[in-house]
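Here is a short set of exercises to work through with the model on your screen. Try each task yourself before you read the solution.

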Amino acid sequence: MLIGAPAPSFASAPARTTRIDVVEISGLVDRVQADFLERALRDAAAHRAAVLVVRLDSRDAVVSTADMGRLVTEVRSSPVPVAVWVGPGREARATGGAARIWSAAGLRGVAPGARVGGGNGLPVATVDGRAEAATLGDFIVGLDGQMPTGGTTAVHIPTTVVERPGRPPQRQLAPEAEVRFASPSLLAELLHGVSTPSAAYLLLVVGLLLLVFEFFTGGIGVAASVGVLALVLAGYGLGALPTRPLGLALVAAGVAGFAVDVQAGAPRFWSAAGTVLFTAGSFFLFAGMGVPLLVLVAVLGGLIAFMVAAMPGVIRTRYSTPTIGRESMLGELGEAVSDVDPDGVVTVRGAPWRARTNRATPIRRGEAVRVAAIDGLLLEVEPLEGAARDAGH
């Protein structure tokens, strides 16, 4: 159950004898959508609605088996008749776990060409042609006089004849009842939106890249804040989806591999390794479903462009200002924060730098160093004592 989620709010309408509640379930049926439908069922029963109409368009469900079973039971045992219509259009679907909601309803219908059933080993349902309705309005009007499966009383929906503009004017039936459309809260909509493979994957990658950007540019600012927010939303979406821990670890390792070469100042081995790790993690991130190939290719291309082309330029600009430009750093003194043998890390002017020494004697951690040359973002350093002896000091 989604904690703190408000009950569905129905738009006000003129009071009428018969009430019809209408809700929409689209996208993957996650915990947010399941909770919303459960609340709509209780609200319809509390207000003695004549019928609860559900417009369904979903490829699958990602809630647990127990939660899905409870939802199906509530739909089947609802004191208010539940009518589920799959639509609109031929592209509408109720497949995988979502098809169980359609099957549990006492009244069912589909738009012409819409698909019901299939996926997760479920057979494609055979839909009676009489259950087809081109629009939701046609489906609601057609419910009048129908007997729900397992019910004892037929649904009664008063209708009236209305004229539609045209030549000649067209007449059709319209429900003469209080039709109320429910919608979830904005927070629920947001959480449902991030609980899709594409959204969760994109937020994860954006969050990781912004944290890498903030790490190399120094300080904690807007990028870090946005990155943390993106990771929080990604965490919710990944938690709602069948996420594989190994796939998640591979994606993070791939970004870390690119970060190693960003520090080195040029794409090398770790950039290639990062590409392989990131791609493998992207393919295996979700069980039973995958990130759309177009999204994966676009994200991978953006990652490579950001890490290989953009980040080195940003860092070069950051550390090439007049006060800490490359020329002014020549001869600067620093300290080795790790062994430089021949590569390592030193601090110069309080900032960490990748460093390399060309001397046969390696520089040990904690020893003083002098900047002898700069190669891109890599400092060539020499031991201070050795340099002084060589110079005859």
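**Exercise 1.** At what angle do helix 1 and helix 2 pack, and how far apart are their axes?

Before we start: this is a predicted model, where local features need pLDDT of at least 70, side-chain atom pairs count only at pLDDT 80 or more, and totals for chains, interfaces and linings use all residues. Residues are numbered from 1 along each chain as its sequence is written, and side-chain values use heavy atoms, with hydrogens and water left out.

*Step 1.* Find the two elements: helix 1 covers residues 31-46 and helix 2 covers residues 65-77. Helices (H or I, at least four residues) and strands (E, at least two) are DSSP runs, numbered from the N terminus.

*Step 2.* Read off the geometry: the angle is about 25 degrees and the axes lie 10 Å apart. The axes are lines fitted to C-alpha atoms, for helices over the stretch in contact, and angles run from 0 to 180 degrees between N-to-C directions.

*Step 3.* Put a word to the angle. Under 35 degrees counts as roughly parallel, over 145 as roughly antiparallel, 65 to 115 as roughly perpendicular, and the rest as oblique. Helix 1 and helix 2 are therefore roughly parallel.

*Step 4.* Add the handedness: helix 1 passes helix 2 in a left-handed crossing. A crossing gets that name if the near helix is turned anticlockwise from the far one by less than a right angle, and it is right-handed if clockwise.

**Exercise 2.** Work out how helix 6 and helix 7 are arranged.

*Step 1.* Helix 7 spans residues 222-240, and it packs with helix 6 at an angle of about 150 degrees, their axes being 7 Å apart. That makes the two roughly antiparallel.

*Step 2.* The crossing of helix 6 and helix 7 is left-handed.

*Step 3.* Now pick out Phe 215, which sits in helix 6 (residues 197-217). With 65% relative accessibility, Phe 215 counts as exposed. Here's the scale: buried means under 20% relative accessible area, exposed over 50%, and partly exposed in between (1.4 Å probe, protein chains only).

*Step 4.* Check a contact across the sequence: Phe 215 and Ala 259 are 44 residues apart along the chain, and their C-alpha atoms are separated by 9.8 Å.

**Exercise 3.** Track down some salt bridges, and say how covered their partners are.

*Step 1.* Know the rule: a salt bridge is a side-chain nitrogen of Lys or Arg within 4 Å of a carboxyl oxygen of Asp or Glu. By that rule there are 14 salt bridges.

*Step 2.* Look at Arg 19 and Asp 21, whose side chains meet at 2.7 Å, N to O. Arg 19 is buried at 8% relative accessible area, and Asp 21 is buried at 0%.

*Step 3.* Next come Arg 55 and Glu 24, paired at 2.8 Å, N to O. Arg 55 belongs to strand 3 (residues 51-57) and Glu 24 to strand 2 (residues 19-26), so this pair ties together parts that are 31 residues apart in sequence. Arg 55 is buried at 14%, whereas Glu 24 is partly exposed at 40%.

*Step 4.* Finish with Glu 38 and Arg 31, whose closest N and O atoms are 3.4 Å apart. Both Glu 38 and Arg 31 are buried. Shared partners link Arg 31, Glu 38, Asp 67 and Arg 70 into one network of salt bridges.

**Exercise 4.** Find backbone spots that go against the usual pattern.

*Step 1.* Start with the background: most residues other than glycine have a negative phi, and most peptide bonds are trans.

*Step 2.* Spot the cis bonds. One joins Gly 87 and Pro 88, with omega about 0 degrees, and Pro 88 lies in the loop between strand 4 (82-86) and strand 5 (93-94). Another joins Asp 341 and Pro 342, with omega about -5 degrees; Pro 342 is in the loop between strand 11 (333-336) and strand 12 (343-348).

*Step 3.* Turn to phi. Arg 48 isn't a glycine, yet has a positive phi of about 55 degrees. Arg 48 lies in the loop between helix 1 and strand 3 and counts as exposed at 76% relative accessibility.

*Step 4.* Arg 349, not a glycine either, also has a positive phi of about 55 degrees. Look for Arg 349 in the loop between strand 12 and strand 13 (351-356), where Arg 349 is partly exposed at 37%.
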